[in-house]
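I open this notebook to keep track of what I look up, place by place, in a structure that is new to me. Each entry notes what I searched for and what I found.

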Amino acid sequence: MTARCARGSGRFFPGTTDTFQGLLNRVASGFEQGTLQPLDVPVFEAGQVGEALEAVHDRSIALEIGAAETVEALPEKQREGIIRADGSYLVTGGFGGFGITLAFWLAAQGAKSLVLVGRRGAATPEAKYALKGLEAKGVSVWGASADVGKEEDVERLIREIQAKHPPLVGVFHTAGVLDDAMLTDLTPERLRTVMQPKAMGAWYLHRYTQNLPLDCFVLFSSISALVGRSGQGNYVAANAFLDQLTHARRARGLPGLSLNWGVLAEVGMAARQEIGGNLEWYGIGSFTRDEAMRMLELALRSDYAQLGLMDIDWKTWLNANRASAVALRYQHLSDNAIPEFSAIIQALRKELQDMDEAARLGRVVTLLAGLTAQIMRLPEDALDPATPLSNLGLDSLMGTELRGNVEAHTGVTLSILDLQSSNMEQLAEKVLEGMGY
Ligand SMILES: NC(=O)c1ccc[n+]([C@@H]2O[C@H](COP(=O)([O-])OP(=O)(O)OC[C@H]3O[C@@H](n4cnc5c(N)ncnc54)[C@H](OP(=O)(O)O)[C@@H]3O)[C@@H](O)[C@H]2O)c1
């Protein structure tokens, strides 16, 4: 086998070659001359890769690739379908961005009976189009109208599924709404708006399905519950509830998976609010629907109870979230990131050092204008440095974001009051003062 590998190394290691080929030739001739003996390990053919991967847990193995060009690397049981044709799948928020994507993915995986739920049922043109598309694939779809934040609706929904459809085998809870507000503006009503469909919805689904033999109970949580985001106190609480409900279910031997999704591009609540571009600045990228479904499949095949599925550059994120960078839970990520974070500030300090007073002020005004324009999504030249930021339209949510960004770039922490009552020139003076000028 080694001799064959030596002859074919160009194919296995394109571009490496001479050194590797030389080593392999020496090993191969060692075997041919009898100076080397094969190890006592079981040898598997390429077609037995599933068995080989399972055996590798216990001992070393050898895999004979032979002439095969491609090898299916997933063990047999991992290639088995995870979605059944003989049961029903319930998708709450089924006509939302994630919901419709998920419904088509379930259909592609072999599901034949779907229950898609929204308060308005299949009311929008996209929802109607999706229903037709799914039915054309031979899937029976019930576009149900129910408010999952109401216990009686969930109870009725589950009862009707069990009475009129194939038995429920999977629940995907994607229903949710946003109502972002700073804590000071967060009324009980606004808390309820967000908690009710997501957290209470999950709780009612748990309550009314806990005695059914489900294969999966998947809750669509958010990255916000892992890293937090200003102005999302209600949303973070609702998602954190989903994460904990999953762990509580697992502790009782029930299936449960909480997915802390990052940003879905193309469709859904983040795409509608166009927040992707803003988050990229914090190191949070987005993923496509296809990528999301590939991650979902891996998550469903795994044994994890909770998974963060996101595209995030931790260094950038920590640089833009200085307070978090020092928190214990990020320490293993921040060790290498913090020097880079100070490098941004050091570079600015070095630049300012050689400038006279007026140039220094101008440099910091330009920096602040850039950061403010980015957050307010305005062109930089639309910001008059002499106008107070609150008159430019900076609200408290944007103010918190700006404060973090100014801190990351200058090392100076401004108060929200300063940010709202000052103009850019006054803020630049405060920043320079904070930097010791
Ligand atoms: N999109 C993202 O980037 C992202 C990132 C992280 C987490 N998530 C989470 O993933 C889930 C789905 O997000 P999405 O982007 O698909 O949102 P979406 O497009 O806004 O869809 C949410 C759906 O939930 C339904 N819904 C809201 N309240 C409901 C209620 N009380 N009862 C029944 N249905 C209700 C809505 O339909 P009706 O208005 O007809 O009720 C809507 O179609 C959400 O829980 C969200 O928090 C999304």
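The entries below go from the ligand to the salt bridges, then to two loops and a patch on the surface.

**Entry 1: the ligand and its surroundings**

I note at the outset that this is a predicted model, and I read every distance below with that in mind. I began with the ligand and asked which residues come nearest to it. Of the 30 residues around the ligand, the nearest are F98, R119, D147, Y235 and R272.

I then looked up polar contacts, starting with R119, where a polar side-chain atom lies 2.7 Å from an oxygen atom of the ligand. For D147, I found a polar side-chain atom 2.7 Å from a nitrogen atom of the ligand. At G96 a polar atom of the backbone takes part, and it is 3.3 Å from an oxygen atom of the ligand. The ligand taken alone exposes 880 Å², and I wrote down that the protein buries 94% of that area.

**Entry 2: what the shell is made of**

Next I asked which helix gives the largest share of the shell around the ligand. That share comes from helix 12, with 4 residues. Helix 12 spans 268-273, and I found it listed with helix 6 (97-108), helix 9 (188-209), strand 7 (216-222) and strand 9 (263-264) as elements that each supply at least two residues of the shell. When I sorted the residues of the shell by kind, I obtained 14 nonpolar, 11 polar and 5 charged.

**Entry 3: salt bridges**

I turned to charged pairs, keeping in mind that side chains of opposite charge can pair when their charged atoms come close. The count for this model comes to 15 salt bridges, and I followed some of them.

One of these joins E151 to R207, with the closest N and O atoms 2.8 Å apart. E151 lies in helix 8 (residues 151-164) and R207 in helix 9, so this pair ties together parts that are 56 residues apart in sequence. I also checked how open the two partners are, and E151 counts as partly exposed at 24% relative accessibility, while R207 counts as partly exposed at 35%.

Staying in helix 8, I found a salt bridge between the side chains of E160 and R156, at 3.9 Å from N to O. These two residues both lie in helix 8, 4 residues apart, which is about one turn of the helix. I noted E160 as partly exposed at 22% relative accessibility and R156 as partly exposed at 28%. The pair belongs to a network of salt bridges in which D153, R156, E160 and K164 are linked.

Another salt bridge is formed by the side chains of R84 and D86, which meet at 2.9 Å from N to O. R84 counts as partly exposed, with 32% relative accessibility.

**Entry 4: the loop between helix 21 and helix 22**

I wanted to know whether S422 is buried or exposed. S422 is found in the loop between helix 21 and helix 22, and it counts as buried because its relative accessibility is 3%, under the 20% cut-off. Its side chain reaches the backbone oxygen of D418 at 2.6 Å.

N423 is found in the loop between helix 21 (416-421) and helix 22 (424-434). N423 also counts as buried, at 10% relative accessibility. For N423 I looked up the side chain as well, and a polar atom of it lies 3.0 Å from the backbone nitrogen of E425.

**Entry 5: I82 in its loop**

I82 has its place in the loop between helix 5 (76-79) and strand 3 (88-92). I recorded I82 as partly exposed, given its relative accessibility of 25%. I82 and G110 are 28 residues apart in sequence, and I read a C-alpha to C-alpha distance of 8.9 Å between them.

**Entry 6: a nonpolar patch**

Last, I asked which residues form a nonpolar patch on the surface. The patch is formed by V27, F31 and L36, which together have about 200 Å² of accessible area. I looked at V27 in particular, which lies in helix 3 (residues 18-33) and counts as partly exposed at 31% relative accessibility.

Notes
Residues are numbered from 1 along each chain as its sequence is written. This is a predicted model: local features need pLDDT of at least 70, side-chain atom pairs count only at pLDDT 80 or more; totals for chains, interfaces and linings use all residues. Side-chain values use heavy atoms; hydrogens and water are left out. Patches are made of residues with over 30% relative accessible area and no salt bridge: like charges are joined within 9 Å, nonpolar side chains (Val, Leu, Ile, Met, Phe, Trp, Tyr) within 5 Å. Accessible areas come from the Shrake-Rupley method with a 1.4 Å probe; for residues, only the protein chains shown count as cover. A salt bridge is a side-chain nitrogen of Lys or Arg within 4 Å of a carboxyl oxygen of Asp or Glu. Buried means under 20% relative accessible area, exposed over 50%, partly exposed in between (1.4 Å probe, protein chains only). A residue is near a molecule or strand if one of its heavy atoms lies within 4 Å of it. A polar contact is a pair of N or O atoms within 3.5 Å; within protein, one must be able to donate a hydrogen and the other to accept it, and residues adjacent in sequence count only if both atoms are side-chain atoms. Ala, Val, Leu, Ile, Met, Phe, Trp, Tyr, Cys and Pro count as nonpolar, Asp, Glu, Lys and Arg as charged, and the others, Gly among them, as polar.
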